[in-house]
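This briefing walks through one protein model by topic, for a reader at the bench who wants to follow it alongside the sequence and the coordinates.

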Amino acid sequence: MSDQTLLAIQDLSKVYPNGYEALANVSFSVQAGEFICIIGRSGAGKSTLLRCINGLVPITNGSIQVQGTDVASLSDEQKLLLRRKIGFVFQEFNLVGRLSVFQNVLTGRLGYVNNLQALFGYFGREHREKALSCLERVNISHRANYRADNLSGGEKQRVAIARALAQEPLILLADEPVASLDPELSWSVMADLRKVAKEEGVPTLVNIHDLDTARQFADRVIGIAEGKILFDGTPAQLDSATLREIYRNDLSNPTSRYA
Ligand SMILES: Nc1ncnc2c1ncn2[C@@H]1O[C@H](COP(=O)(O)OP(=O)(O)OP(=O)(O)O)[C@@H](O)[C@H]1O
């Protein structure tokens with residue numbers, strides 16, 4: 001494992017309680033600053049993979065190492081601390097609609113204040129400055145005082161990215177972050193995500209349905225089918241035979257029209 005390896009996944013398997021094997025022997029590692037798009041048809045296991053990485057679902061076999069530490073060896077408290085250092089961006093934004101944009105981004109700082117401060121929502125100057133700078137990074141600081149539920153979809157996703165950034169994450173995970181946005185907005189939100197990954201050196205894994213978008217933004221594409229990695233390489237190496245395998249010739253899937 002090189003010094004730059006932030007995430008190392010070895011032989012990861014996930015079997016859900018009903019016996020369904022959603023991931024089988026998945027192995028790959030991620031270096032600082034990599035921008036990776038994960039593609040695959042619906043049900044391939046993309047969300048399960050991201051959820052295993054941030055501990056939302058327990059893994060069945062294999063190991064996940066973050067900065068050289070096996071997550072399974074951590075105490076529950078240490079796992080919680082680690083999860084606070086993993087940013088997660090959801091398709092449906094997951095903002096608190098009645099709070100302002102600024103307050104939403106401040107919640108990304110919860111891991112950096114004590115329990116009492118968190119309880120009363122007291123964030124000192126350094127936290128407020130950090131939240132503001134994160135909003136500036138994704139060009140949305142002019143909406144700082146808006147209620148989150150008054151924003152457009154693209155604006156909401158920028159706020160969600162700013163909140164994840166406020167966590168000062170080791171890794172950023174995004175599960176279909178642009179699936180609810182129109183194509184033009186999708187590309188500008190993806191451009192923001194990529195900019196953040198590159199400027200902060202934060203490796204970013206993005207689950208994405210749209211193949212064109214993946215090809216446009218990814219340094220590296222990981223293709224999953226039925227819980228297994230079928231492809232791991234650059235967008236240029238992704239040929240039509242591989243795409244047909246990844247999408248299992250599912251012509252009803254719009255992404256397979258390129259194959
Ligand atoms: N809690 C669960 N219990 C049982 N099976 C599950 C559970 N969660 C997901 N699955 C199954 O695991 C498989 C992978 O699901 P997952 O959500 O990871 O796929 P995905 O590639 O992210 O799909 P999509 O692109 O539609 O979100 C699917 O067949 C799904 O039905």
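**Strand pairing and overall layout**

Leucine 12 has valine 26, in strand β2, as its bridge partner. The model is a predicted one, and its chain is divided into domain 1, made of residues 1-85 together with 171-253, and domain 2, which covers residues 97-168. The points below take up the sheet, the ligand shell, the domains, helix α6 and a few single residues.

**The four-stranded sheet**

- The sheet is open and has four strands in the order β2-β1-β4-β5, with antiparallel pairing; because β2 (residues 21-31) and β5 stand at its edges with a single partner strand each, one side of each is left without a neighbour in the sheet.
- Strands of a sheet pair through backbone hydrogen bonds, in either a parallel or an antiparallel sense.
- Strands β1 and β2 run antiparallel and are joined by seven bridges, while β1 (residues 5-15) also pairs in the antiparallel sense with β4 (residues 61-66), over five bridges.
- Within the pairing of β1 with β4, glutamine 10 stands opposite serine 63 of β4.
- Strand β4 is joined to β5 (residues 69-70) by two bridges, the two strands running antiparallel, and valine 66 has threonine 69 in β5 as its bridge partner.
- Between β4 and β5, which form a hairpin, there are two residues, and glutamine 67 in this turn has a positive phi of about 50°.

**The shell around the ligand**

- The residues that surround the ligand are Tyr16, Asn18, Tyr20, Ala22, Gly40, Ser42, Gly43, Ala44, Gly45, Lys46, Ser47 and Thr48.
- Helix α1 (residues 46-53) contributes the largest share of this shell, with three residues.
- Sorted by class, the shell around the ligand holds four nonpolar, seven polar and one charged residues.

**How the two domains meet**

- The C-alpha centres of domain 1 and domain 2 lie 25 Å apart, and the contact between them takes 12 residues from domain 1 and 11 residues from domain 2.
- On the side of domain 1 that touches domain 2, helix α7 gives the most, with six residues.
- By class, that side of domain 1 has seven nonpolar, two polar and three charged residues.

**Helix α6**

- Helix α6 (residues 153-166) has 14 residues, which at 1.5 Å a residue should span 20 Å, and its end C-alpha atoms are 20 Å apart, so the expected and modelled spans agree.
- The helix is mostly covered, since 12 of its 14 residues are buried; among them are Val159, Ile161 and Leu165, and also the residues Glu155, Lys156, Arg158 and Arg163.
- What covers the buried residues of α6 includes strands β6 (86-89) and β7 (171-175) and helices α3 (101-106), α5 (125-137) and α7 (183-200).
- Helix α6 is followed by glutamate 168, whose phi is positive, near 50°.

**Single residues to inspect**

- Phenylalanine 102 has its place in helix α3 and is buried, because 20 other C-beta atoms lie within 10 Å.
- Leaving out residues up to four places away in sequence, phenylalanine 102 touches Ala131, Ala144 and Asn145; phenylalanine 102 and cysteine 134 are 32 residues apart in sequence and 9.9 Å apart in space, C-alpha to C-alpha.
- Valine 178 lies in the loop between β7 and α7 and counts as buried, because it has 25 C-beta neighbours inside 10 Å.
- When its neighbours within four places in sequence are left aside, valine 178 is in contact with Ser186, Val189, Met190 and Thr213, whereas valine 178 and arginine 84, which are 94 residues apart in sequence, are 23 Å apart in space, C-alpha to C-alpha.
- Most residues other than glycine have a negative phi.
- In the loop between β6 and α3 lies phenylalanine 93, a residue other than glycine whose phi is nevertheless positive, near 70°.
- Asparagine 94 is found in the loop between β6 and α3, and asparagine 94 has a positive phi of about 55° although it is not a glycine.
- Which of these is buried and which exposed? Phenylalanine 93 is buried, because 21 other C-beta atoms lie within 10 Å, whereas asparagine 94 counts as exposed, because it has 12 C-beta neighbours inside 10 Å.

Technical notes. Residues numbered from 1 in each chain as written. Predicted model: local features only at pLDDT ≥ 70, side-chain atom pairs only at ≥ 80, totals over all residues. Pairing = 2+ DSSP bridges. Near = placed C-beta within 6 Å. Nonpolar A, V, L, I, M, F, W, Y, C, P; charged D, E, K, R; others polar. Expected span 1.5 Å × (residues − 1). Contact = placed C-beta atoms within 7 Å. Domains from an automatic or database assignment.
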